[in-house]
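Trainee: Could you take me through the reading of charged side-chain contacts in a model such as this one?

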Amino acid sequence: MTTHTIVLTGTKPPLSMNQRLHHQVKARITRQLRNEAHLDAQRQRLPRGVPHVTVTLHYRPARNGVRDTDNLVATLKPCCDALAKGTPKYPGYGLVEDDTPQWMTKPMPVIHPAEKG
């Protein structure tokens, strides 16, 4: 099994299931996430047309506290879309054919303990 890491910028997840954002703001953030994931996959020259991938979102917060992994799914979804379908500007990246369970497994996000520094 080969592991690749796509690092997103920012210090906290940009989208959460609990947010109530204006639809244009949410669309802008979603577009930024898709572009980031897509461009990093291209930069790393990840293989295209593979039979199946597993995509897991890992998050390390700045401070320890009680967090719900379900809320991170809103950030995971645009990244998975980008790896399968690309972006509106660059459609059809094709890491896998689609982000459905046949092609992509998406386990619950993982929240790691905070580290000092």
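**Salt bridges and exposure**

Mentor: Let us start with one residue: Lys106 is partly exposed, at 37% relative accessibility, where buried means under 20% relative accessible area, exposed over 50% and partly exposed in between, with a 1.4 Å probe and protein chains only. This is a predicted model, in which local features need pLDDT of at least 70, side-chain atom pairs count only at pLDDT 80 or more, and totals for chains, interfaces and linings use all residues. Residues are numbered from 1 along each chain as its sequence is written, and side-chain values use heavy atoms, with hydrogens and water left out.

Trainee: What is the mean pLDDT of the protein chain?

Mentor: pLDDT is the predictor's confidence in each residue, from 0 to 100; the mean for the protein chain is 89, and 93% of its residues reach 70 or more.

Trainee: How many salt bridges does the rule give?

Mentor: A salt bridge is a side-chain nitrogen of Lys or Arg within 4 Å of a carboxyl oxygen of Asp or Glu, and the count by this rule is 6. One of them joins Lys106 to Asp99, with the closest N and O atoms 3.7 Å apart, and Asp99 is buried, at a relative accessible area of 9%.

Trainee: Which residues are linked with Lys106 in a network of salt bridges?

Mentor: The network links Lys106 with Asp99, Asp98 and Lys85. The side chains of Lys85 and Asp98 meet at 3.8 Å, N to O; Lys85 is partly exposed at 38%, and Asp98 is also partly exposed, at 23%.
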